[in-house]
Amino acid sequence: MEDNGTSSPADDEHIGKPIYYTRLSCYVIIFIVGVIGNTLVCLVVCRQRKMKNVTNYFIFNLAVSDLSVLLICIPFDFGEIVTETFPYGAFMCRLIYPLQTLATTASVGTLVAISLNRFMAVVYPLRPQLTTRDAKKVIGVIWLFALALVSPYIAVLELNKKNKCIETFEDKGLKAGAYTISIFLLQYVVPLSVIGLSYIRIGRDLRRDRGSYSNDALQRDQEREAHKVMKILTVVVIVFALLMLPNHIVFLWFDFGDGASNKNADGILALCQICVYANSASNPLIYSAVNEQFREGFKNYFRSWIDCVLKIKGSRRKDNMRTNKRRTKAKPVGGCSFCGQSDTSLNGTLCNSTNNSSQANNNSDRSGMLQWESSVTTAQHSEQYDEFLTTV
């Protein structure tokens, strides 16, 4: 067994180029879709008051565990595939590989908690139900259990001289096969059995009570809401079971069969790893397809993001238009302030001299007019004085 629920440290040099590039392309697509989707789930649950209930708190925990896988495991795994070594050091060797097992255990534990919470709400509605505070405590217990389950795996990982992160179960006096079986039972068989039995009982009670409250509008609304919750959770559990099963089968094959010596082992392991990562990106797509509240929440956030982008582009466009207007309205260097022409010398001496000459001509014309007016008035006065003497 190379690792449990994590990327294999096996050499990728024997994987064909199509598988190599297909794996990297799938990683990029899963990373983008999963990070955006799970971030939206966290935002919708945290910022909308109507979404703050026990079930959605558990869904929030699912999104957090999926984000931890997508943001940490995929980038480091990507670098390991490209370099064909483990270039991150001994500490990260004991952190990255167990993290996916930790997150997967937390995810399946959260699904168990959701199924038991719905079981109590539908089968025993009159008994005390979980509160949001109780849900937070349950989430803490789930992560502690996941950490306890993955602690032996942390202890046996070491970085060898070839910069490969390897398991040393035999050196620690442990058996890799026993740990693989324990992971398979505690991470897959037992949780899915509990979930399946819970949902079977819930479905039977919902069908039995479907016609019991036909005249009670409130009861019908509650029953309809329970069916919606059951629908989304059933799809999540089925997708989880289908995507995680190949990974468990492959590691059982490696530890109890001849899987490690098979010539197609690397390609099969790469495909299983893609399925594990796809599970971390699938839940937001399920919520959007099945649940109307999540779908509306996602649409609102997408609209707000688009509006922000358009506003930023619009403000930049306005700034550019203002800059262009200022440039067109600005006077050229050394331009003529009198005639408005710009074909002058840099210091505007040509237009300035022209302006000075035109101003001098205007001044001479004005002085001539004043002299003529004064002479006319003097002549008129003399004529009036002569007329006065003759009359006397």
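Author: Before we start on the helices: an angle over 145 degrees between two helix axes counts as roughly antiparallel. The model here is a predicted one.

Reader: Fine. At what angle do helix 2 and helix 3 pack, and how far apart are their axes?

Author: The angle is about 160 degrees, and the axes of helix 2 and helix 3 are 9 Å apart. The two helices are therefore roughly antiparallel to each other, since the cut-off is over 145 degrees.

Reader: Is the crossing left-handed or right-handed?

Author: Left-handed, where helix 2 passes helix 3.

Reader: Staying with helix 2, where does Thr55 sit, buried or exposed?

Author: Thr55 belongs to helix 2, which spans residues 54-83. Thr55 is buried because its relative accessible area is 10%, and buried means under 20%.

Reader: Which residues does Thr55 touch?

Author: Leaving out residues up to four places away in sequence, Thr55 touches Ile114, Asn117, Arg118 and Val229.

Reader: Ile114 again somewhere else?

Author: Yes, Ile114 is also touched by Tyr199. With residues up to four places away in sequence not counted, the other contacts of Tyr199 are Ser115, Met230, Leu233, Thr234 and Val237.

Reader: New topic. How many residues are in the largest nonpolar core, and which have the most contacts inside it?

Author: That core has 47 residues, and Val41, Tyr199, Tyr287 and Phe294 have the most contacts inside it. Helices 1 to 8 each supply at least two of its residues. Helix 6 gives the largest share, ten residues.

Reader: What about a second core?

Author: There is a separate one of 32 residues, with Ile81, Leu149, Ile274 and Ala281 among them.

Reader: Cysteines next. How many disulfides does a search of the whole structure find?

Author: One. Cys93 and Cys165 form this disulfide, with their sulfur atoms 1.8 Å apart. The link is right-handed, with 80 degrees about the S-S bond.

Reader: What does the pair tie together?

Author: Cys93 lies in helix 3 and Cys165 in strand 2 (residues 165-167), so the disulfide joins parts that are 72 residues apart in sequence. Cys93 and Cys165 are both buried.

Reader: And Cys73 and Cys308, buried or partly exposed?

Author: Cys73 counts as buried because its relative accessibility is 2%. Cys308 is at 44% relative accessibility, so that residue counts as partly exposed. The cut-offs used are under 20% for buried and over 50% for exposed, with partly exposed in between.

Methods. Residues numbered from 1 in each chain as written. Predicted model: local features only at pLDDT ≥ 70, side-chain atom pairs only at ≥ 80, totals over all residues. Heavy atoms only, no water. Helix = DSSP H or I, 4+ residues; strand = E, 2+ residues; numbered from the N terminus. Buried < 20%, exposed > 50% of the residue type's maximum accessible area, 1.4 Å probe, protein only. Contact = heavy atoms within 4.5 Å. Core = buried A, V, L, I, M, F, W, Y, C linked by side-chain atoms within 4.5 Å. Disulfide = S-S within 2.5 Å. Axes fitted to C-alpha atoms, helices over the stretch in contact; angles between N-to-C directions. Parallel < 35°, antiparallel > 145°, perpendicular 65-115°, else oblique. Left-handed = near helix turned anticlockwise from the far one by under 90°.
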